[in-house]
Amino acid sequence: MTLKSKTAVITGSTSGIGLAIARALAKEGVNIVINGLGDAAEIEKTRAGIESEFGVKAVYSPANMLKSDEIEEMVRLGERTFGSVDILVNNAGIQFVSPVEDFPVEKWDQIIAINLSSAFHAIRAAVPGMKARKWGRIINTASAHSLVASPFKSAYVAAKHGIAGLTKTVALEVATHGITVNCISPGYVWTPLVENQIPDTMKARGLTKEQVINDVLLEAQPTKQFVTVDQVAATAVFLCSDAASQMTGTNLSMDGGWTAK
Ligand code: NAD
């Protein structure tokens with residue numbers, strides 16, 4: 001089976017893991033809807049680069065994952081432009097690190113909206129088309145924090161546990177329609193999301209940058225190595241393949257052994 005000429009919507013694909021997934025799917029011949037925040041000229045460079053490098057079509061949706069109507073429009077953009085949305089990767093996410101009693105209420109609301117509710121809105125919009133075509137792949141970027149917790153990340157851990165539950169629930173609902181729903185749970189992947197939380201973790205735990213990297217981040221991973229964005233992307237491509245058609249409702253850990261402890 002080939003993925004050529006299928007269409008994928010990848011949320012949060014202007015950076016990090018989402019961008020790697022978009023590029024890996026484009027390499028398989030999939031047309032791409034990229035999405036995410038960032039500098040307009042940079043995003044256009046990324047979009048045009050996907051087209052020229054992989055010979056597929058790519059469009060950009062500026063949908064803000066805080067807004068349900070914009071999320072629905074992102075899916076419709078894919079359907080209007082390419083005729084279908086076959087693959088949906090719910091990947092956009094943010095982090096905020098703070099003791100629970102100081103956790104800003106608006107940060108809690110944002111994290112639950114972007115890291116959890118946006119997946120619900122996108123799935124809700126994409127499933128009818130997938131059902132009609134009897135084929136679909138929904139992949140949610142969860143996290144090791146969908147299985148275990150770390151202190152000072154209450155909203156993130158709650159949202160990621162929620163994503164794991166949403167994945168299982170929707171997988172059961174669409175199981176007889178040729179649609180699989182899975183999540184990938186990376187440990188620490190070296191992306192802007194990880195880099196940007198280092199100063200807050202330094203503050204919350206009273207540590208230096210080196211101590212945060214070695215004693216907090218890599219401390220969690222028995223392999224003592226970061227996961228790469230390309231490893232996560234390769235797993236997403238595998239989940240889209242025929243070989244993975246009986247894998248649904250699973251939570252695939254890629255965490256250097258973190259959650260085996
Ligand atoms: P990143 O910061 O590099 O990318 C996040 C993406 O989400 C960006 O494209 C950003 O523009 C987009 N985004 C943020 N807010 C948005 C909004 N309101 N509307 C639309 N797009 C928005 O981070 P990343 O590390 O690549 O994270 C991607 C996903 O992987 C997240 O869900 C994150 O929780 C998860 N994850 C990351 C790690 C890690 O160690 N980096 C580990 C496990 C899980």
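**Exercise 1. Is A8 buried or exposed, and what is its relative accessible area?**

Solution. Before we start, keep in mind that this is a predicted model.
- Step 1: find the residue. A8 belongs to strand β1, which covers residues 7–10.
- Step 2: look up the accessibility. The relative accessible area of A8 is 0%.
- Step 3: apply the cut-off. Buried means under 20%, so A8 is buried.
- Step 4: step back and look along the chain. A8 and E72 are separated by 64 residues in sequence, and their C-alpha atoms are 14 Å apart in space.

**Exercise 2. Work out how A48 is classed by accessibility.**

Solution.
- Step 1: A48 is placed in helix α2, residues 40–54.
- Step 2: its relative accessibility is 30%.
- Step 3: partly exposed is the class between under 20% and over 50%, so A48 counts as partly exposed.
- Step 4: for a sense of distance, take A125. A48 and A125 are 77 residues apart in sequence and 26 Å apart from C-alpha to C-alpha.

**Exercise 3. Describe the setting of S150 and its side-chain partner.**

Solution.
- Step 1: S150 is found in the loop that runs between β5 (136–141) and α5.
- Step 2: with a relative accessible area of 17%, S150 is buried.
- Step 3: now follow the side chain. The side chain of S150 makes a polar contact with that of H145, at 2.6 Å.

**Exercise 4. Build up a picture of the ligand site, beginning with the ligand's oxygen atoms.**

Solution.
- Step 1: start with the side-chain pair. An oxygen atom of the ligand lies 2.5 Å from an N or O atom in the side chain of T191.
- Step 2: turn to the backbone. A ligand oxygen is 3.3 Å from a polar backbone atom of G12, and a ligand oxygen is 3.5 Å from a polar backbone atom of G187.
- Step 3: check the cover. On its own the ligand exposes 830 Å², and the protein buries 94% of that area.
- Step 4: name the site. The ligand sits in the largest pocket.
- Step 5: see which elements contribute. Those giving two or more residues to the shell around the ligand are α1 (16–27), α5 (154–174) and α6 (192–205). The largest share, 3 residues, comes from α6.
- Step 6: count the neighbours. The ligand is surrounded by 30 residues, and the closest are S15, N91, Y156, V189 and T191.
- Step 7: sort the shell by class. There are 15 nonpolar, 14 polar and 1 charged residues around the ligand.

Terms used: Residues numbered from 1 in each chain as written. Predicted model: local features only at pLDDT ≥ 70, side-chain atom pairs only at ≥ 80, totals over all residues. Heavy atoms only, no water. Near = heavy atom within 4 Å. Polar contact = N/O pair within 3.5 Å; in protein donor to acceptor, adjacent residues only side chain to side chain. Areas by Shrake-Rupley, 256 points an atom, 1.4 Å probe, with all protein chains shown as cover. 1 Å grid on protein atoms, 1.4 Å probe; cavity = no way out; pocket = protein on both sides within 12 Å on 5 of 7 lines; lining within 4 Å. Sits in = over half its atoms within 2 Å of the grid points. Helix = DSSP H or I, 4+ residues; strand = E, 2+ residues; numbered from the N terminus. Nonpolar A, V, L, I, M, F, W, Y, C, P; charged D, E, K, R; others polar. Buried < 20%, exposed > 50% of the residue type's maximum accessible area, 1.4 Å probe, protein only.
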